[in-house]
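Welcome, and thanks for opening your viewer. Let's take a walk through this protein together, one selection at a time.

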Amino acid sequence: MAISNFISEVWTASALDTLKNTLVAESVCDMSYNSEVANEGDTIHILKHAAVADAAYPASSNITYNALSDATSDLSINVKRYMAFEVPDLDKVQSKPEFVAKATANGAYDIADHFDALLLGEYANASIDSFEDDSSTAWQFTFQTAADVPALFAQLRRKLQGANAPMGARPFLIGPPELCEAVDLFYGGKMTQPNDVLRNGFKGSFFGIDLYVSNNCTTASSVTHGLAGVTAQSIALVYQLKKMEALRLEGRFSDGVRALVVGGLKTSRPEILIDVNLNSNVIADS
């Protein structure tokens, strides 16, 4: 018995919705190249932002034109992830569309989680570092020093402004759950803003910076690396669900459902990306 309620376009749309609704990367990355994805192994050439200088207007001479650079940054489509699961020939299973829907959502969530882990690993390509008091000491917030939380956000804004980041776009900060605990402590309670829908790990906007929480922050040598930058400016992400299909499993009284996602991620503007160094014990017990 085949999966009678499986319609490829419907389940593909469902999987894509899960990807969009769970990817932190979807919220902060430049997604404008997504339509250019064709196949694994392709390369997308991203034109680097060219600086255009202003000058005083010369009343009696010709104006000078800036020569724009055509330098590019290459984004490789080198990520290939799949999900696959088996659906037994049981009427009580096959007759319930939500069974396949939930399994599809769970698989898509794991794929989204992989892309988020890739995103958080981009701290290694950031040109700016953030340490407490501009020293070499990782930020650490305790129950006694939660009042220092604004200093972190103020420093991040200052560093982005100093790098001439386009502040018209939304600055972002992605941190571990412990950092969000510090923000909660500063406000004296849970501070996910009530007017914002909790989506894609979104915690809320604080001091002009969108805060996201993720379990995928990299920890090494007692330092957890958060990531800060400018939404849709610092990092480019592309992904496509290339195929989703149901098929009869040979030698089994079962159907199979499988899907393939290809994509890639690239720090296109490292000069406006910040490696936020946090002590791995962000919230101390005392």
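## First stop: the largest pocket

Select Tyr109, Asp113, Asp116, Ser214 and Asn215: among the 11 residues lining the largest pocket, these lie nearest its centre. A pocket here is found on a 1 Å grid over the protein atoms alone, as an open set of points where a 1.4 Å probe fits, with protein on both sides within 12 Å along at least five of seven lines; lining residues have an atom within 4 Å of a point. The space in this largest pocket is about 180 Å³, where grid points are joined across faces, edges and corners and the volume is what probe spheres set on the points fill. Now colour helix α4 (residues 97-120), which gives the largest share of the lining, 4 residues. By type, the lining holds 5 nonpolar, 4 polar and 2 charged residues. In that count Ala, Val, Leu, Ile, Met, Phe, Trp, Tyr, Cys and Pro are nonpolar, Asp, Glu, Lys and Arg are charged, and the others, Gly among them, are polar.

Before you move on, a word about what you are viewing. This is a predicted model, in which local features need pLDDT of at least 70 and side-chain atom pairs count only at pLDDT 80 or more, while totals for chains, interfaces and linings use all residues. Residues are numbered from 1 along each chain as its sequence is written, and side-chain values use heavy atoms, with hydrogens and water left out.

## Zoom out: the whole chain

Show the protein chain as a cartoon and you have 6 helices and 13 strands. These are DSSP runs numbered from the N terminus, helices being H or I of at least four residues and strands E of at least two. Of the 286 residues in the chain, 43% are buried. Buried means under 20% relative accessible area, exposed over 50%, and partly exposed in between, with a 1.4 Å probe and protein chains only. Among contacts between residues at least 6 apart in sequence, 79% join residues at least 24 apart; a contact means heavy atoms within 4.5 Å.

## Next: an open sheet

Select β3, β12 and β11, which form an open antiparallel sheet in that order. β3 (79-88) and β11 (235-248) are at the edges with a single partner strand each, so one side of each has no neighbour in the sheet. From one strand to the next, the twist averages 15°. Strands count as paired if DSSP finds at least two bridges between them; β11 and β12 (residues 254-267) run antiparallel and are joined by 13. To see one such bridge, pick Ile235 and its partner Thr267 in β12.

Then click on Asn78, in the loop between β2 (72-76) and β3. Is Asn78 buried or exposed? With a relative accessible area of 54%, Asn78 is exposed. Leaving aside residues up to four places away in sequence, Asn78 touches Gly263 and Gly264. The C-alpha atoms of Asn78 and Gly264 are separated by 5.7 Å, though the two are 186 residues apart along the chain.

## A covered strand

Now select β10 (residues 223-230), where 8 of 8 residues are buried. Val223, His225, Leu227 and Gly229 point one way, while Thr224, Gly226, Ala228 and Val230 point the other way. In a regular strand the side chains alternate between the two faces of the sheet.

Add β6 (residues 171-175), which pairs with β10 in the antiparallel sense over 4 bridges; Leu173 has Ala228 as its bridge partner. Strand β9 (residues 218-220) also pairs antiparallel with β10, over 3 bridges, and here Thr219 stands opposite Thr224. The β9 and β10 hairpin has 2 residues between its strands, and Ser221 there has a positive phi near 50°. Ser222, in the loop between β9 and β10, has a positive phi near 65°.

## Last stop: two packed helices

Finish with α5 (residues 149-162) and α6, which pack at about 115° with axes 9 Å apart. The axes are lines fitted to C-alpha atoms over the stretch in contact, and angles run from 0 to 180 degrees between N-to-C directions. Val149, Pro150, Leu152 and Phe153 in α5 meet Leu179, Ala182, Val183 and Phe186 in α6. The contact is made of 8 nonpolar residues, with no polar and no charged ones. Within α6 (residues 177-187), the buried residues are Leu179, Cys180, Ala182, Val183 and Asp184. Just after α6, look for Gly188, with a positive phi near 80°.
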